[in-house]
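Q: Pick one spot in this protein and take me through it slowly, please. After that, show me what else is worth a look, and keep it friendly, since I'm new to this.

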Amino acid sequence: MMSMLRRAAPRLTRNYFTCHHACKNPQPRQHIKRLFGTTIPRLSSDGILSRPPQGASPIANITKSLQSSKQNTKFFPETSDKSVAYWLLGSAASVFGIVVIGGLTRLTESGLSITEWRPVTGSLPPRNAEDWSAEFTKYRSSPEFKLLNPHMTLDEFKSIYYMEWTHRIWGRVVGISFLLPAVYFIARRKVSASMAGKIVGIAGLIGFQGFLGWWMVKSGLKDDLFAPGSHPRVSQYRLTAHLGTAFLCYTAMLWNGLSILREHKLLADPQAAVKLFERLRRPELRVFRRSVGALAVLVFCTAMSGGLVAGLDAGLIYNEFPYMGLGLTPPKSELFSDFYSHTPDRSDMWWRNALENPSLVQLDHRILATTTFTSVMGLWAYTKFSPALRRLLPVACKKGMHGVVGFVGLQVALGITTLLYLVPLPLASAHQAGSLALLSSVIILGGRTWVPARAARLINQRLARSAQTSARLLT
């Protein structure tokens, strides 16, 4: 054996282990260099390995690359998908609808027809005569039936029952149609991290809204929860809280849906977006930007004062405009009456009259509505006659301002006619819907006026990465 190895050894020269094809075609090595970030040892023509360059080894570079990719991998994407925006806008439309149905429920005094809170079993209405008789028996034990509707028939009860049942079932649909897609979009990584947090917050707000709804209804089912001598109705405080939460849910859905669409539009053309941001950040537009924010708060407060008017049936008195009786305001003794004070020293007389006295509540609503109308028209005149705003304000903002003017004019007309005609059902319902439409127009105007901080940051990051890539290509 040893003699055979000695005879074969001279034939195993250095050339025997050399890959001549690799020496003639160095491209694969260049490809490996690009992959691993370093050159690999190569054989010279005489079969001797050349020394690798100084620095990290290929294995170290691979480990470093894997660690870097792990750090850059995130659960949520950088931007939310457009489908999330369309879903949020659809949910906002659904909330808009339930606000209108809720107003009809209040106007028809149907809210106290269902005296129990059954989130699951209450999803189906009575199916036979026995079930209807049981529900009617429960209603007949309520204060509303005893004091207001002692002669109501079963057929009349069914009409108000179906109105309240529609409102409740719509609320369940809003919750389910929001919760299930929210879980899907978050699990499938269709939303950014910040948007996922906002969606979870909106879902919690919807659940809280359901609790407020029953808390409100409960205030009209017991004698000790409304003022002695007054007819049974839900607390105006709880009604306003319920309405305000619905407005907040709607605003959050609308704002975030529009923000996603606007973010995609801005990221499609970063250069144009940077120019737009520079234009909107001009000091000449600072007053306009802040005025839009203040206007949104004013519209919301006016709508909430309307909730107090509805809760106290304050629209059924002083059905004239602009006067209230013999003057622009009722007498001071009527506006600040001791009747509404609950303390011996009358220290609560001011705020209780402002929130519980129908005369003062209606006057407050008139003042807030007039202030809102005047503010909108003043802001429109500012954009129309200020040379700086005429030159700098984008066309989209000007169109948004025109939309706000149109909606505030319509809302004022609806409010006055609702008052003059003793709160008819169609006008009153349209007036409530108009308040939400007016708030929507102000929110849309704000979305076109305010610079989105998140979109601006993403655009700056993308432009920086693009500049770095261009610099590497040039070098």
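A: Let's start with Asp348, which sits in the loop between helix H13 (332-335) and helix H14 (349-356). Keep in mind as we go that this is a predicted model. So is Asp348 buried or exposed? Its relative accessible area is 5%, and buried means under 20%, so Asp348 counts as buried.

Now look at what the side chain of Asp348 is doing. One polar contact, at 2.9 Å, links it to the side chain of Thr343. Another, at 2.7 Å, joins the side chains of Asp348 and Arg352. If you skip the neighbours within four places in sequence, Asp348 is in contact with Ser341, His342 and Thr343. Thr343 therefore turns up twice for this buried residue: on the contact list and as a polar partner of Asp348, which has 5% relative accessible area.

Next, hop over to Ser359, which belongs to helix H15. Ser359 also comes out as buried, at 5% relative accessibility. Its side chain makes a polar contact of 2.7 Å with the side chain of Glu334. Leaving out residues up to four places away in sequence, Ser359 touches Ile317, Tyr318, Met324, Glu334 and Leu335. So what you have there is a buried serine with Glu334 as both a polar partner and a contact.

From here you can follow H15 to another helix. Helix H15 (358-385) is among the elements covering the buried residues of H17, and so are helix H11 (270-280), helix H12 (286-312) and helix H18 (425-449). H17 itself covers residues 395-420, which makes 26 residues. From first C-alpha to last, H17 reaches 38 Å, close to the 38 Å expected at 1.5 Å a residue. Which of its residues are buried? They are Cys397, Gly400, Met401, Val404, Val405, Val408, Gln411, Leu414, Thr418 and Leu419.

Just past the end of H17 you meet Leu422, with a positive phi of about 60°. Why stop there? Most residues other than glycine have a negative phi, and most peptide bonds are trans. Leu422 isn't a glycine, yet its phi is positive. You'll find Leu422 in the loop between H17 and H18, and it is exposed, with a relative accessible area of 51%.

Arg189 does something along those lines: it has a positive phi of about 55° although it is not a glycine. Its place is the loop between helix H8 (154-187) and H9, and at 43% relative accessibility Arg189 counts as partly exposed.

For the peptide-bond side of that rule, go to Phe321 and Pro322, which are joined by a cis peptide bond with omega of about 5°. Pro322 is in the loop between H12 and H13.

Let's finish on the surface. Phe208, Phe211 and Trp215 form a nonpolar patch there, with about 320 Å² of accessible area together. Phe208 is in helix H9 (residues 193-218). With a relative accessible area of 42%, Phe208 is partly exposed, whereas Asp348, where we began, is buried.

Note on methods
Residues are numbered from 1 along each chain as its sequence is written. This is a predicted model: local features need pLDDT of at least 70, side-chain atom pairs count only at pLDDT 80 or more; totals for chains, interfaces and linings use all residues. Side-chain values use heavy atoms; hydrogens and water are left out. Helices (H or I, at least four residues) and strands (E, at least two) are DSSP runs, numbered from the N terminus. The expected span of a helix is 1.5 Å times one less than its number of residues. Buried means under 20% relative accessible area, exposed over 50%, partly exposed in between (1.4 Å probe, protein chains only). Contact means heavy atoms within 4.5 Å. Patches are made of residues with over 30% relative accessible area and no salt bridge: like charges are joined within 9 Å, nonpolar side chains (Val, Leu, Ile, Met, Phe, Trp, Tyr) within 5 Å. Accessible areas come from the Shrake-Rupley method with a 1.4 Å probe; for residues, only the protein chains shown count as cover. A salt bridge is a side-chain nitrogen of Lys or Arg within 4 Å of a carboxyl oxygen of Asp or Glu. A polar contact is a pair of N or O atoms within 3.5 Å; within protein, one must be able to donate a hydrogen and the other to accept it, and residues adjacent in sequence count only if both atoms are side-chain atoms.
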